[in-house]
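Colleague: Hi! I'm new to this one, so could you walk me through it?
Modeller: Happy to. Let's put it on the screen.

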Amino acid sequence: MSVILSTIVWSPLLFALIALFLPERDDDQRARVRTVALAGAGVSFFVTTFFAILGQIGLGAGGGLASAYQENHTWFGNFLFQAHYDLVADGITLPLLVVVTTVFGCAVFHSWKVHERVRLYVILVLLLETAVNGVLCSSDFVLFIVFWGLLLVPMYLLIRIWGGDGARRAAAWFAGFHALSLGLIIATVAIIVVEAGARSSDMSAGLTSYSVTAETVGFWVSFAGFAIAMAIFPVHTWMLEAQSKASAGVATILSGTMLLLGAYGMMRISLVVFPTAAHYYSFAITGLAVVGAFWGCIGALRQDELRRFIGYMNVAQMSLVLLAIGAETSVALVGAILLLAGQAFASAMLTLVSGAIEERTRTTSIRAMGGLVTQAPRLAGFWLVAAASVIGVPMLAGFTGDFMVFAGSFPGHRIATVLVMASVIVTTGGLLWVANRVFFGPVRDQFARVRDVTLLDLTVLFPLVAAVVLFGVRAGAVVPVIANGVLEITTRIAGG
Amino acid sequence: LAIYNAAWAVPLLPLLGALASLAVESQRRAGQLCVAFSGLSFVVAAIVLGVRLTHASAAPFDSLLTFLAMTPPEGAVFATQFQAQVGVHVDALSVSFAAAIAFATLVIQAYAVNAMRGADGFRRFFCASSVLGFCTTGFVLSPNLFDSLILWVGASASLYVLLSLSWQRADTARHAMRAMIILTASDIALTLGVVFTWIKFGVFSSLLPAPAGQTIADPFSFNVISQGVIATLHHGVAITGPRAILVMGIVFLVAAAVRSVQFPFTVWLADTASSAIPVFALAAATVAPLGIYLVARIYPVVAHAPRALPVLALVGGGSAVLSAATGIAQRSITRIAVCAVASELGLGIVALGMGGYSPGVFIAFTSVFTSTLLLLAVGNLVRVYRTDDIGEMGGAWVKVRTTSVALAVWALLAGGMGLSAYYALSSTLSGVDPAGGVFSGSERIVVTIVTVLAAALVALLAGRLLLTVTSGAVARRRGFQHDRVAEVESALRRPLWIAIVAAVAAVLIGLPGLEPLHLGSGRIAGLTFMRFVFYGSHPQAIGLDGAAALLALLALASGFVAAYLGFGPARRAAAVGARAVGPLRVAEQGFYVERLTELASESLLQIAERVSSFDVQVTAPIAASVGESVDEAAAVLGAFRNARFARYLAGSLVVVAILALLSVLAATGHLWVHVA
């Protein structure tokens, strides 16, 4: 019996339990706690990357791709329907698992910068990783809801306890919106079970007929639930607040993994379970994507807080993913997964770099910064690499995703695609303008002693750069794997 | 021919040079290493070109690697295969340009080794310029639109890095940003064109037989696109018609117009002028001609798009006139150089637009050499006079002889002897529509008038620059020792001599009416450019066109005479000091294009302000109302904000974990109770 997926999901929690019993009275003990946490995140990353995804790529190279990792056991059947402990990792899940475990690994490394309540911090991060991995692997609605709910408390506490000024408000906004999202997802599952008369909460079961009303309501309820998590316009405000007020490590997890889960859920549930409504309302979805893309990139131009700026850029990036979801073609959806990976890495890098800048300059105001490149050229380099990935520079993670999203969306939604493409010009302008104001220009006296990246910064940022380059250069290796996963969605949309 | 595989080395060698330069400790060594790799790249390009010249009639050679491939299940909708490949394509057009661009990169880098000594970002310049060399040579050798797109966008990004060399100067950073934004517009236009082409010809390509060694016909390949256009016009392609070809043509032309600095997109090249001269030279000589190269590559689309060609010719002609007029009113030598490059490329567009494929390509090809020559000369002059204001120069013929000779050669070539005006006029007067139709009389008359005007203005621009800089005596100004003006060091003169010889040679191989050279039994057709690079299956019949030659000579003479009368030794002092009035004032301001870009960015910022305030006033209060309820609930937890809180949390965590573990074990039958 394969336990690969259980290992990926539960190993962070196991190490969190170990960390729970470790003391943290002095620096050595705190370092030990962090090391244990790193081991937990590392196991998850190692198993995901070296067993799961490479195995799938190998299968693809060998000409077969049907296999996906699965662990399915009946959980309980005492209610109206059966629920299963059903973990599946197919072509969509596996690359995203690589992304989230990489980001969590970097976030745990970043915990070396946390000096207060270290044990609680790493435990919450590991608990969050279990929840995120669980959401990605769940193939059962009940299990999905359990993991989705599990995201709430750790993230709330992470934002609130380690955040800066206004963190309490930001945490409350996050919790409120996430609870709303959870409620909407539970309502979606209720609609599925009641209306489709399903006897099982298995997500892969052939859920056949809904009334038009149930399909429409179910689609929009699930869409709203996941749209909140994706932080697309107009439900993006919680993310801007959380992104700017949380500590850099927590904001990295937020922008690198939480938004991705919303998009994943939308593909996995809204599109697959309600294909007719999804197709019928695709025009509205792409319209929302256009508004969101411009809202994000134009709104970013007027931000003075560096991380709020990144938040707006996230809104623009997620709108590109939404365009692909609205387009519903396999090429666009494969592009969306690649784009999610690129967005997660780039956004995590931008957040970490902005955290490092704030730490050195003691300000979050873009206006107050300037000329940092002379003192911190490597930091500027990391920012530019991440920005280049967001813009879609070739051989970086964003390029292939952007191209496939545009290619796949164009046949069905020409005007929307062209408009979203045009928004990339504004995004480019915004990212470079901020680079100009923060890094370029004459050196300011107050920043004359700012230091460049430390070894710890390099340790945190380098894996993300490597991932951005790898996903850019070897996109062709993962595309067949993702395409295989997307096949299920497109088959359902086509009525299969 | 297996030797064509060596074409891979042309783009890859500069890239290797860039990587190797990072490993060298000394900055100067790093620069020299990049020059060496660029030199090797040029040698390989020259060898491949030589082989191709001796096998000019052979079929093009492709070597491909699959970047990504998938089979979309919705095959009937747009394509049965989504396959993107990268590689090299060896034909007359690609190898000619690869050699030209590799040469320009080499000469400019060799010049920069000394010109940029002690400048900001010396190592970064060589690293980024080698990456730019990889992108530009890779672009011209690319076998399909996907590969072209990658390298086109890559060129924009590496140019941005080059432009940001002096990043402590706020104005340089601002110019770099604006150039990048404008180039991104061309990137997006090309992306749209590539996507649109794939959508339209994806299904069609799957019906074509796969080339040898390939599983399918590459839907992005130029050959497939060409076949698709022809088939479309014979109603052989589903979901595609003449309108689709027109849209495709327009999108590609927008991308090309931005890249080849057609008016009003001259702004991006003007922005590069604020950077170091070698950066400006690379942008002008190796990046700007890529726009015309793109038009040449997708010429079947442009040629068969209804009414696209005359519009293209008018855009090119209008751009050449406006750019040259702008240049005449400028005092900054770098601005004048920008306008000269833009107007020369405009004439290339005119030729392509009037059906002169080989002439248009030839103009772009020679512009690589003439731009290199001009920019190196400009670099030397700015270095010697420590200003870019031509009003503060003068007397260069006596004091700065080699550079003056270079400037004179350039002025003659750009003014008309370089055949740009001749070939633009020849194409216009012959007016052979490659799609088989004919241009209307009014189209030809209008384009001819515009072209003659453009040619005269370019000659005036070149003459004015030459006379103002070289004649008279060195202008005196405060803090400048005019008597110490002297020619630059020999290390900076050598690249200039090479550039002079190359520019003249490049023009000579395109002389009209030149017969193929016979070497023993061999017949080297390539020594006449028009017989080597052509559209369709046969070269265009290009003989000496007397009318075109007369008009070009008249334009050249009138331009130079006007320049002599206006800016010659007698009028020089008054002319350079005079304030522009009337239409010249408008031209001096570059027809207010830069002001318009500033207005556009100001408007965008105003919209951004509204978006931001909408978020603050509307969406944030809604979010706050959602958050307040959580905040109130959290306030209850405030009681636990002490040491007990952590213990409660830890206890809950343990309980949750144990319950989860027990559930999993029970569900999987590993516990004595089975819950299912």
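Colleague: Let's start with side chains. What do the side chains of Lys113(A) and Asp457(A) meet in?
Modeller: They meet in a salt bridge, with N to O at 2.5 Å. Keep in mind that this is a predicted model.

Colleague: Where do those two sit in the chain?
Modeller: Lys113(A) is in the loop between helix H3 (93-110) and helix H4 (118-137) of chain A, while Asp457(A) belongs to helix H18 (residues 455-473) of chain A. They are 344 residues apart in sequence, so the pair ties together parts far along the chain from one another.

Colleague: And is Asp457(A) buried or exposed?
Modeller: Asp457(A) is buried, at a relative accessible area of 6%. Lys113(A), in turn, is partly exposed, with 21% relative accessibility.

Colleague: Which residues share a salt-bridge network with them?
Modeller: Glu359(A), Arg360(A) and Arg451(A) do. Shared partners join these residues with Lys113(A) and Asp457(A) into one network.

Colleague: How many salt bridges does the structure hold over all chains?
Modeller: There are 22 over all chains.

Colleague: Can you show me one in chain B? Which residue does Asp187(B) form a salt bridge with?
Modeller: Its partner is Arg259(B), and the closest N and O atoms are 2.9 Å apart. Asp187(B) lies in helix H6 (residues 170-207) of chain B and Arg259(B) in helix H8 (residues 242-259) of chain B, so the bridge ties together parts that are 72 residues apart in sequence.

Colleague: Are those two buried or exposed?
Modeller: Asp187(B) is buried, and Arg259(B) is too.

Colleague: What about Arg331(B), which residue does it form a salt bridge with?
Modeller: That would be Asp389(B), with the closest N and O atoms 3.0 Å apart. Both residues are in loops: Arg331(B) between helix H13 (308-328) and helix H14 (333-353) of chain B, and Asp389(B) between helix H15 (357-385) and helix H16 (396-399) of chain B. The two are 58 residues apart. Arg331(B) is partly exposed at 33% relative accessible area, whereas Asp389(B) is buried at 14%.

Colleague: Switching to helices now. At what angle do H14(B) and H15(B) pack?
Modeller: At about 175°, with the axes 8 Å apart. H14(B) and H15(B) are therefore roughly antiparallel.

Colleague: What kinds of residues make up that contact?
Modeller: The contact of H14(B) with H15(B) has 17 nonpolar residues, seven polar and one charged.

Colleague: And how do helix H2 and helix H3 of chain B cross?
Modeller: Helix H2 (residues 27-54) of chain B and helix H3 (residues 92-115) of chain B cross at roughly 155°, and their axes come within 8 Å. That makes H2(B) roughly antiparallel to H3(B). The crossing of H2(B) and H3(B) is left-handed, and their contact has 15 nonpolar, nine polar and two charged residues.

Colleague: Over to chain A, then. Which way do H12(A) and H13(A) run, roughly parallel or antiparallel?
Modeller: H12(A) and H13(A) are roughly antiparallel to each other. The axes of helix H12 (residues 282-301) of chain A and helix H13 (residues 306-327) of chain A cross at roughly 160° and come within 7 Å. This crossing of H12(A) and H13(A) is left-handed.

Colleague: What about the backbone? Which residue does a cis peptide bond join to Phe233(A)?
Modeller: Pro234(A), and omega is about 5°. Pro234(A) sits in the loop between helix H8 (212-230) and helix H9 (237-245) of chain A. Chain B also has a cis peptide bond, from Phe263(B) to Pro264(B), with omega near 5°.

Colleague: And what is the phi of Ala231(A)?
Modeller: Ala231(A) has a positive phi of about 60°, although it is not a glycine. Most residues other than glycine have a negative phi. Ala231(A) is in the loop between H8 and H9 of chain A, and counts as buried at 0% relative accessibility.

Colleague: Last topic, confidence. Where is it lowest in chain B?
Modeller: In strand E4 (residues 522-524) of chain B, with a mean of 57. Confidence in chain B is highest in H3(B), at 96. Chain B averages a pLDDT of 85, and 88% of the residues score at least 70. Where pLDDT is low, the predicted coordinates should not be read in detail.

Colleague: And what ipTM does the predictor give the complex?
Modeller: An ipTM of 0.89, along with a pTM of 0.90.

Key: Residues are numbered from 1 along each chain as its sequence is written. Chains are lettered from A and ligands numbered from 1 in the order in which they are written. This is a predicted model: local features need pLDDT of at least 70, side-chain atom pairs count only at pLDDT 80 or more; totals for chains, interfaces and linings use all residues. Side-chain values use heavy atoms; hydrogens and water are left out. Axes are lines fitted to C-alpha atoms, for helices over the stretch in contact, and angles run from 0 to 180 degrees between N-to-C directions. Helices (H or I, at least four residues) and strands (E, at least two) are DSSP runs, numbered from the N terminus. Angles under 35 degrees count as roughly parallel, over 145 as roughly antiparallel, 65 to 115 as roughly perpendicular and the rest as oblique. A crossing is left-handed if the near helix is turned anticlockwise from the far one by less than a right angle, and right-handed if clockwise. Ala, Val, Leu, Ile, Met, Phe, Trp, Tyr, Cys and Pro count as nonpolar, Asp, Glu, Lys and Arg as charged, and the others, Gly among them, as polar. A salt bridge is a side-chain nitrogen of Lys or Arg within 4 Å of a carboxyl oxygen of Asp or Glu. Buried means under 20% relative accessible area, exposed over 50%, partly exposed in between (1.4 Å probe, protein chains only). pLDDT is the predictor's confidence in each residue, from 0 to 100.
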